[in-house]
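Colleague: I'm new to reading structures, so could you walk me through this one? I'll ask, you explain.

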Amino acid sequence: MRREDETDETSVFRRVVLKNASPYHYMKICLVLDDESTKLSAVDLKLFILTGLKNLFGEVGAAISFDLLKYDEDTLSGLLRVPSRSLVKLWSSLTLLGFYQNQACAFRVLQVSPYLLSLTGNSRELKLD
Amino acid sequence: MTTDLDQNPRSLLVSERSSFRDLKNRISSQVEQLHLNYKVSLLLPEYSFDRSVPRTRIDEDNCVSLTPKGHLTLSLDKDSFEVLGVEGKPSRFNHRVKKRFVVSVDLTDSCMAPGGRGYLRLLAGLKSRLRLKMDFLLSHHPGGGASLQTLLSRHDWSEHRPEVSRHTLTHLSCPALLTSDLLSCDPHSFLEWLGAAHAHISCGNTSSSFLSSLVCPEPKTALSRALSVSVCGLLLPQDIHRLLQQIRVYLEESHLESWACLTVHGFVDSPVSWGANEHGVLRGGENFYSLLMFHDDVYYLHQATGAHDTCPP
């Protein structure tokens, strides 16, 4: 879905409008656990999410290749990258993940965007001194 | 059912290449049109450094913005809109049920002059019927503070300075063909790489890594160091113009094949983006542009908006 708006051979000007062309979506998530002292490594988190995908969507879900780009063990928050067409599947399985090792838990999806760049500039995180 | 699960709300990315030398370049007007800027991030290669908000959410609360051209936009929920009693239209971000309405008022219109018909009607709606109370973030031109004093004297206010943060990135892998005549990698992978650099995400993975397979677009080079600076606050287009000029001077003085990348994020909860067009959040509320500049005055501009926003200029 690519459209060349204007082309001018003599100048360097070129404008391309890309609609729904983003190959990936990015999610900023945070895991909330009942027992706040529970430690979770990056590998644990990824395995946990994979389990959720497999429980909800079976082998199709387990085959979704998402990435854990960044993870902070102290706040249990991280950035996920997922192919755009699998976003809804990943999001729904995160919503339905309610237990981690027999304790209640919930994933908070803080921001979702087709651009990783926009997750680095969220004005909702602005703190006035 | 499967097709439904695979679909996502619309996303729009406008990618433009032009030159500062091109007389018809529109960069000034484009910078001018995003009024409510929240954050500016700058990435400079081979450079290192030697020396309570209003909690308003546009998808939950009433939100108001006023642009320098005198365009007042109120994004209101259904109840507030009906109580206000001023003409408006349903938000583009409604889904099936019309729950949010947008009232746009041009304050420079003759009927909006103090004492005018429209003015009195809006004032009566806001003051006696709706009794809307809001926190505002204001910004003024250098030296323009005096005219604000009379307004501020009637309200509680506090002054905040923009927050500046700097990071020196070391051993950053970077797309090799960042040159003005050929940008080989496509806009999305370039923006992904840039986002990873600003978020301090490592691109040094292999395709078989378990946690992440994010890699820098090929072909790539390694930068021994780079500087990432960001400024947060309510930033005016004029501030960004000044910064642009300074970066151009820096690029002219520096060696060949140098570049700089400036990213400007708009407020997620701003009722307008790109001029006076309606903006909403839905999921990400993205409205940003990223300007990749080279020493020979050529630049690449990437403008992104989220679902339902109109196409950037």
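## A walk through the model

Colleague: Before we dig in, is what we see predicted or not, and how is chain B divided into domains?

Modeller: Keep in mind that this is a predicted model. The domain assignment splits chain B in two, and domain 1 comes in two stretches, 11-52 and 161-305. Residues 63-136 make up the other one, domain 2.

Colleague: How many Å separate the centres of domain 1 and domain 2 of chain B?

Modeller: The two domains of chain B do meet: 11 residues of domain 1 and 12 residues of domain 2 take part in the contact. Taken over C-alpha atoms, the distance between their centres is 34 Å.

Colleague: Let's try a sheet. In what order do the four strands of the open sheet in chain B stand?

Modeller: Start from the edges: β3 (63-66) and β5 (89-90) of chain B have a single partner strand each, so one side of each has no neighbour in the sheet. β5(B) is joined by two bridges to β6 (residues 100-106) of chain B, and these two run antiparallel. Put together, the antiparallel order in chain B is β3-β4-β6-β5.

Colleague: And which residue in β6(B) is the bridge partner of B:P90?

Modeller: Look along β6(B), which covers residues 100-106. The partner of B:P90 there is B:F101.

Colleague: Now β9 of chain B. How many of its residues are buried?

Modeller: In a regular strand, side chains alternate between the two faces of the sheet. In β9(B), B:W259, B:C261, B:T263 and B:H265 point one way, while B:A260, B:L262, B:V264 and B:G266 point the other way, and all are buried. The number of buried residues in β9(B) is therefore eight of eight.

Colleague: How many bridges join β9(B) to β2(B), and how many to β12(B)?

Modeller: Strands of a sheet pair through backbone hydrogen bonds, either parallel or antiparallel. β2 (residues 37-45) of chain B runs antiparallel to β9(B), and one matched pair there is B:K39 with B:H265. β12 (residues 287-294) of chain B is also antiparallel to β9(B), with B:V264 opposite B:Y289. The bridge counts are six for β2(B) and seven for β12(B).

Colleague: Is B:H265 buried or exposed?

Modeller: B:H265 sits in β9 (residues 259-266) of chain B. Leaving out residues up to four places away in sequence, B:H265 touches residues of chain B including B:Y38 and B:F288, and residues of chain A including A:L117 and A:T120. Its relative accessible area is 2%, and since anything under 20% counts that way, B:H265 is buried.

Colleague: Same sort of puzzle: is B:S273 buried or exposed?

Modeller: B:S273 belongs to β10 (residues 272-273) of chain B. Its contacts beyond four places in sequence are B:L34, B:H279, B:N287 and B:D309. With 3% relative accessibility, B:S273 is buried.

Colleague: Which residues form the nonpolar patch on the surface?

Modeller: One member, A:L47, lies in helix α1 (residues 42-62) of chain A. At 45% relative accessibility, A:L47 is partly exposed. Together the patch has about 250 Å² of accessible area, and its residues are A:V43, A:L47 and B:F210.

Colleague: Where does the chain have a cis peptide bond at B:P219?

Modeller: B:P219 is in the loop between α6 (187-198) and β8 (220-235) of chain B. Omega is near -10° for the bond, which runs from B:E218 to B:P219.

Colleague: How many Å apart are B:A176 and B:P219 in space?

Modeller: B:A176 is in the loop between β7 (163-175) and α6 of chain B, and it is partly exposed at 30% relative accessible area. Setting aside neighbours within four places, B:A176 is in contact with B:P219, B:K220 and B:T221. B:A176 and B:P219 are 43 residues apart in sequence, yet C-alpha to C-alpha the distance is 5.5 Å.

Colleague: Last one: A:L76 and A:Q101 have a positive phi although neither is a glycine. Which is buried and which is exposed?

Modeller: A:L76, with phi about 55°, is in the loop between β4 (67-72) and β5 (77-83) of chain A. A:Q101, with phi about 45°, is in the loop between β6 (99-100) and β7 (103-113) of chain A. Relative accessibility is 10% for A:L76 and 60% for A:Q101. The buried one is A:L76, and the exposed one is A:Q101.

Note on methods. Residues are numbered from 1 along each chain as its sequence is written. Chains are lettered from A and ligands numbered from 1 in the order in which they are written. This is a predicted model: local features need pLDDT of at least 70, side-chain atom pairs count only at pLDDT 80 or more; totals for chains, interfaces and linings use all residues. Side-chain values use heavy atoms; hydrogens and water are left out. Two strands pair if DSSP finds at least two bridges between them. Buried means under 20% relative accessible area, exposed over 50%, partly exposed in between (1.4 Å probe, protein chains only). Contact means heavy atoms within 4.5 Å. Patches are made of residues with over 30% relative accessible area and no salt bridge: like charges are joined within 9 Å, nonpolar side chains (Val, Leu, Ile, Met, Phe, Trp, Tyr) within 5 Å. Accessible areas come from the Shrake-Rupley method with a 1.4 Å probe; for residues, only the protein chains shown count as cover. A salt bridge is a side-chain nitrogen of Lys or Arg within 4 Å of a carboxyl oxygen of Asp or Glu. Domain bounds come from an automatic or database domain assignment.
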